[in-house]
Amino acid sequence: MNHYDWLDAYLLAKPGVTKDYKIEWCWYRYMVGGKMFAATMRPSEKYDPSYAEKDLINLKCDPMLAELLRKEYPEVLPGFYSDKRCWNSVDLGGSLTNDQLKQMCDDSYRLIFGKLTKKLQKEILEATP
């Protein structure tokens, strides 16, 4: 993830975000309120060639926007090992700009945060320095 070294810090800087490593999947998961909004992975060659050996980030996305992004950017793929209607995988070896990727990360976070209970949202925001 050479030119995306900033990505981990960017995701962790969002209110209430935690990160863990899911050993069974070999994924780093970024969660808010216990719900995943992003995951980074590098699937092996045993998977579909469109995913294999690529540094990917999975991000939640509005289903209509997900389709548009896939049509517009070759590095935006249907979500790897996820519900392909509302998750996209972005090949970090592609040519998306940092701003485009930040927008996709922000949208994913907002979608997941918005599904949390109002009480939990309030707790997260109040605990944020």
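This is a short tour of aromatic rings, and of the charges over some of them, in a predicted model.

**Stop one: Phe37 and Tyr109.** The model holds 8 aromatic pairs. Begin with one of them: select Phe37 and Tyr109. Their ring centres lie 5.3 Å apart, and the planes meet at 85°. Planes over 60 degrees apart count as edge-to-face, so this pair is edge-to-face. Now show the backbone. Phe37 belongs to strand S3, residues 35–41. Tyr109 belongs to helix H3, residues 98–115. The two are 72 residues apart, so the pair links distant parts of the chain. Are these residues buried or exposed? Phe37 is buried, at 0% relative accessible area. Tyr109 is also buried, at 9%.

**Stop two: Tyr51 and Phe80.** Select these two next. Their rings form a tilted pair, with 5.1 Å from centre to centre and 55° between the planes. Both residues sit in loops. Tyr51 is in the loop between S3 and strand S4 (56–60). Phe80 is in the loop between strand S5 (76–78) and strand S6 (87–91). Along the chain they are 29 residues apart. Tyr51 is buried, at 7% relative accessibility, and Phe80 is buried at 6%.

**Stop three: the cluster.** Keep Tyr51 and Phe80 selected, then add Tyr47 and Tyr81. Ring pairs join these four residues into a cluster.

**Stop four: charges over rings.** Go back to Tyr109 and add Lys14. Lys14 lies over the face of the Tyr109 ring, 5.5 Å from the ring centre. Finish with Lys19 and Tyr28. Which part of Lys19 sits over the ring of Tyr28? The charged end does, 4.7 Å from the centre of the ring.

Conventions. Residues numbered from 1 in each chain as written. Predicted model: local features only at pLDDT ≥ 70, side-chain atom pairs only at ≥ 80, totals over all residues. Heavy atoms only, no water. Phe/Tyr/Trp six-rings, centres within 6.5 Å; stacked < 30°, edge-to-face > 60°. Helix = DSSP H or I, 4+ residues; strand = E, 2+ residues; numbered from the N terminus. Buried < 20%, exposed > 50% of the residue type's maximum accessible area, 1.4 Å probe, protein only. Lys NZ or Arg CZ within 6 Å of the ring centre and 35° of its normal.
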